[in-house]
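This briefing goes through the fold, the surface and the nonpolar packing of one protein chain. Please keep the sequence and the model open beside the text.

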Amino acid sequence: MQKKIIIVGGTSGIGRKLAEVYLQQGNKVGVTGRRNELLDEIKQQYPGLASTECFDVTQNENIEKLQSLISKLGGLDLLIISAGCGDPSDELSWSIDKSTVTTNVNGFVEIANWTFNFFAKQGYGHLAAISSIAATRGSHLAPAYSASKAFQSVYFEGLAIKATKLNKPITITCIEPGFVKTKMAKSEKQFWVVPVHKAAKQIIAGLNKKKRKLYISRRWWIIAKLMKWMPYWLYRKIG
């Protein structure tokens with residue numbers, strides 16, 4: 001059955017690959033991003049299936065643009081928040097921290113909040129977000145990034161509980177990838193790196209099963225548990 005899907009931040013990385021796979025499956029997909037040329041590229045590759053809106057989630061057009069995309073698609077079944085940023089901040093740069101929080105917290109929560117309420121009124125829907133394994137603990141290399149991803153993961157846990165209490169078929173999925181081979185993977189100490197096409201395949205499989213939480217790849221679940229329960233005196237040596 002054809003689905004109506006919006007991917008916020010779908011012009012590159014995991015979001016782009018998810019958009020491509022869903023479009024190849026014959027779904028109607030709305031893609032957002034900051035670069036018009038990349039959005040036009042997607043529309044040209046998938047005429048009749050792809051719709052786009054160009055906007056930056058840190059500005060003031062999020063809801064207006066989402067409403068426009070929903071109108072173009074003729075409805076909404078699944079929305080995936082893939083927009084995000086994060087740079088190393090060895091010197092604790094305020095510009096990096098501010099940009100990270102504005103995108104990963106402010107932009108994220110406005111879209112997540114509005115979409116959840118949209119699905120609550122509609123009576124059904126699926127909301128997902130690309131968080132990160134970095135949400136598990138703090139990082140001296142990118143403290144704002146790990147904190148912002150923790151915000152996303154905890155917020156989505158709250159939404160999952162809220163959806164249960166509404167007793168409506170609203171699914172909430174938090175996706176926490178480890179290292180995926182994209183431009184966002186900037187750490188010098190990478191391991192278990194997953195190709196972006198494999199990450200997209202696993203994400204879609206998990207979304208189809210309506211999983212509440214996904215680790216990409218699945219073995220990163222082990223790292224998440226080890227990091228969570230590691231005592232601070234030990235974690236500070238590697239965090």
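**Burial, dimensions and packing**

Buried residues, meaning those under 20% relative accessible area with a 1.4 Å probe and protein chains only, make up 49% of the 239 residues in the protein chain. The model is predicted, so that local features need pLDDT of at least 70 and side-chain atom pairs count only at pLDDT 80 or more, while totals for chains, interfaces and linings use all residues. Residues are numbered from 1 along each chain as its sequence is written, and side-chain values use heavy atoms, with hydrogens and water left out.

Overall form
- The protein chain has 8 helices and 7 strands, taken as DSSP runs (H or I of at least four residues, E of at least two) and numbered from the N terminus.
- The C-alpha atoms fill a box of roughly 55 × 40 × 35 Å along the principal axes.

Contacts
- Of the contacts (heavy atoms within 4.5 Å) between residues at least 6 apart in sequence, 64% join residues at least 24 apart.

Nonpolar cores
- The largest nonpolar core, a set of buried Ala, Val, Leu, Ile, Met, Phe, Trp, Tyr and Cys residues joined through side-chain atoms within 4.5 Å, has 28 residues, and Leu-18, Tyr-22 and Ile-80 have the most contacts inside it.
- Helix H6 (196-208) is among the elements that each supply at least two residues of this core, and its 6 residues are the largest share.
- A second, separate core of 27 residues includes Ile-111, Leu-127, Phe-156 and Ile-170.
- Beyond its neighbours within four places in sequence, Tyr-22 is in contact with residues including Ile-5, Val-29, Ile-80 and Leu-207.

Key
Buried means under 20% relative accessible area, exposed over 50%, partly exposed in between (1.4 Å probe, protein chains only).
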